[in-house]
Amino acid sequence: MPSLIISGAARAALQSLDHDDITFLQNLPKAELHAHLHGSIPLSTLQRIATNYSPSPDIGAGVAATIARLQSNVVLTEISEFFQLFPAIYALIATPAALAEATRDVLHAFLTEQPPPSGFAHHPAPDCSYLELRSTPRKTTHMSREQYLLTVLSEIRAFPGRAALIVSVDRRMSEEDVEECVDLAIKLHQQGEPVVGLDLCGNPLEGNVDTFEKHFDRAREAGLGLTVHIAETKLNGHSIESFILLSWHPDRLGHATYLEEPQRDIFFLGDIPGTQVPQIPPPNGQVPDPIPHHHRTFYALWRKHVLLLSRRYQEAGFHIDSQDDDTGERAPREVVREIQALRDLAGKQYKPCVEICLTSNLLSKTVPRLEEHHIRHYLANNHPVVICTDDILPFRTTLLAEYALLLAKPPHGLGLSRDEVRKIAEMGMNARFMNRKQT
Ligand SMILES: CNc1ncnc2c1ncn2[C@@H]1O[C@H](COP(=O)(O)O)[C@@H](O)[C@H]1O
């Protein structure tokens with residue numbers, strides 16, 4: 001049986017709750033929708049697999065060093081260091097047998113009754129009611145990508161209706177690799193396997209997503225839900241990439257930490273009270289000085305963005321005057337209004353559920369303090385969110401402890417009421433890809 005570990009802020013939040021609060025959180029139906037398989041392997045499982053493993057000496061040293069790091073709290077200076085943990089984990093989980101063993105323990109850690117982590121005395125209970133586990137199909141010397149997926153799925157099938165798979169593609173993949181992963185995801189979904197979605201993940205500071213859109217489109221057409229890691233760092237938030245990813249209209253967004261006001265204005269119309277149409281430069285194309293920074297960023301990006309949107313809406317049968325888009329003579333304000341009108345016409349308000357991983361963001365230093373976490377913005381604007389763990393192995397948390405961070409009083413948590421926490425849990429259950437209504 002896997003043993004759970006909690007430390008840091010998540011531990012302090014859970015410790016600050018009384019027995020009643022913990023029982024309340026345990027009894028809430030909760031969906032875990034953002035958990036990466038290799039980041040969620042219980043440490044005890046990894047250690048067991050390492051004991052039965054005989055690697056070449058140079059790989060062995062890397063594996064031993066990573067396990068020692070995971071044992072003694074992973075302290076990161078910046079998010080890019082986080083991704084360096086995975087090569088050693090991958091070296092251990094290279095055969096179908098090891099992958100099956102790891103997947104089984106991840107599923108049990110989330111879905112079956114677990115004794116409380118050391119130092120806690122609450123009743124054993126499953127960490128969540130429903131799990132969408134995500135993983136990047138990896139080709140090794142022992143298995144193809146298809147075998148990889150079939151191995152993971154054969155374990156997931158042991159939890160019918162309670163577990164499903166999201167196939168991840170990594171930002172660093174070539175287009176051919178993405179194509180192969182998406183082909184497999186579609187094929188397995190069509191064969192009735194519990195493959196429910198497609199995810200874009202990987203080190204946010206690497207890779208280029210420009211050529212992936214058509215494959216995400218294919219996946220959507222085949223009935224898969226789409227989620228993308230977006231604006232995970234400041235650099236991603238400021239770039240055209242966030243506009244591109246939003247223009248794919250994913251069903252859910254991973255992290256969305258640094259989406260800027262103009263991006264939210266355009267895509268999530270109505271999220272920012274009183275500023276649905278941002279105050280932006282006048283129609284003559286001059287950028288007046290001084291203007292707020294985010295309007296400047298918006299001005300720099302809007303033309304590219306409008307071209308993208310134009311293409312999508314023209315494909316959907318709507319008309320946008322492309323000459324205006326090319327010359328840039330039309331006021332950005334008008335463009336925003338036009339987009340809003342088109343959105344109204346299409347009868348869709350776009351409110352993709354944001355997958356929130358509190359401890360992950362704090363430990364990978366993309367959010368400095370819980371009080372500054374972007375969940376506050378989304379909650380204040382009635383924008384759907386789901387609470388998730390991301391990678392319980394390095395981040396040493398559980399879904400219960402992430403919910404404790406919502407309910408615990410400051411400074412241990414956000415101090416939300418039980419009613420607010422119940423609503424958040426419901427939003428999460430409603431954002432499941434399994435059984436979702438197709439739009
Ligand atoms: C910190 N937040 C994150 N942001 C982006 N990608 C992440 C991530 N956490 C994990 N992954 C992605 O998931 C892979 C491991 O699981 P799988 O091999 O797919 O099962 C990592 O290599 C990384 O690409």
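Hi everyone, let me begin with a pair of helices. Helix 9, residues 175-190, and helix 10, residues 213-221, have axes that come within 10 Å and cross at roughly 0 degrees. The two helices are therefore roughly parallel to each other. On the helix 9 side, the contact is made by Val-178, Glu-179, Val-182, Ala-185 and Ile-186, while helix 10 brings His-215, Arg-218 and Ala-219. Sorted by type, the residues of this contact are 5 nonpolar, 1 polar and 2 charged. Before I go on, please keep in mind that this is a predicted model.

Let me stay with helix 9 for a moment and walk past its end. In the loop between helix 9 and strand 4, which is 195-201, we meet Glu-193. Is Glu-193 buried or partly exposed? The count is 19 C-beta neighbours inside 10 Å, so Glu-193 is classed as partly exposed; a residue needs 20 or more to be buried. Leaving out residues up to four places away in sequence, Glu-193 touches Leu-153 and Leu-188. Leu-153 is 40 residues from Glu-193 along the chain, and their C-alpha atoms are separated by 7.3 Å.

Now for the whole chain. There are 21 helices and 8 strands. Of the 439 residues, 44% are buried. And if you take the contacts with a separation of 6 or more, 75% of them are between residues 24 or more positions apart.

Here is a second helix pair to set beside the one we opened with. Helix 1, residues 8-15, packs with helix 20, residues 399-407, at an angle of about 70 degrees, and their axes are 8 Å apart. Helix 1 and helix 20 are therefore roughly perpendicular to each other. From helix 1, the contact uses Ala-9, Ala-10, Arg-11, Ala-13 and Leu-14; from helix 20, it uses Leu-400, Ala-401, Glu-402, Ala-404 and Leu-405. This contact has 8 nonpolar residues, no polar ones and 2 charged ones.

Please look next at Ile-6, in the segment before helix 1. What does Ile-6 touch, leaving aside its neighbours within four places in sequence? The list is Arg-11, Leu-14, Pro-117, Arg-396, Thr-397, Thr-398 and Ala-401. Two of the names there, Arg-11 and Leu-14, also belong to the helix 1 side of the contact with helix 20, and Ala-401 belongs to the helix 20 side. Ile-6 has 26 C-beta neighbours inside 10 Å, so it counts as buried. Gly-60, by contrast, is 54 residues from Ile-6 in sequence and 27 Å away in space, C-alpha to C-alpha.

Arg-396, which we just met as a contact of Ile-6, brings me to the backbone. As a reminder, most residues other than glycine have a negative phi, and most peptide bonds are trans. Arg-396 is not a glycine, yet its phi is positive, about 50 degrees. It sits in the loop between helix 19 and helix 20, and with 22 C-beta neighbours inside 10 Å it counts as buried.

Asp-390 is another non-glycine with a positive phi, about 75 degrees. Where is it? Asp-390 lies in the loop between strand 8, 385-387, and helix 19, 392-395. Asp-390 has 27 C-beta neighbours inside 10 Å, so it too is buried.

On the other side of helix 20, there is a cis peptide bond between Pro-410 and Pro-411, with omega about 5 degrees. Pro-411 belongs to the loop between helix 20 and helix 21, 418-430.

One more positive phi, near 50 degrees, is at His-249, which follows helix 12. Within helix 12 itself, residues 240-247, the buried residues include Glu-241, Ser-242, Phe-243, Leu-245 and Leu-246.

Which residues of helix 3 are buried? In helix 3, residues 43-51, they are Thr-45, Leu-46 and Ile-49. These lie on the same side of helix 3, because they cover an arc of only 100 degrees around the axis.

Last, the ligand. There are 19 residues around it, and those that come nearest are His-36, Leu-37, His-38, Ser-135 and Thr-136. The shell divides into 5 nonpolar, 10 polar and 4 charged residues.

That's my tour, and thanks for listening!

How values were computed:
Residues numbered from 1 in each chain as written. Predicted model: local features only at pLDDT ≥ 70, side-chain atom pairs only at ≥ 80, totals over all residues. Near = placed C-beta within 6 Å. Nonpolar A, V, L, I, M, F, W, Y, C, P; charged D, E, K, R; others polar. Buried ≥ 20, exposed ≤ 12 C-beta atoms within 10 Å, placed from the backbone. Helix = DSSP H or I, 4+ residues; strand = E, 2+ residues; numbered from the N terminus. Arc of directions from axis to C-beta. Axes fitted to C-alpha atoms, helices over the stretch in contact; angles between N-to-C directions. Parallel < 35°, antiparallel > 145°, perpendicular 65-115°, else oblique. Contact = placed C-beta atoms within 7 Å.
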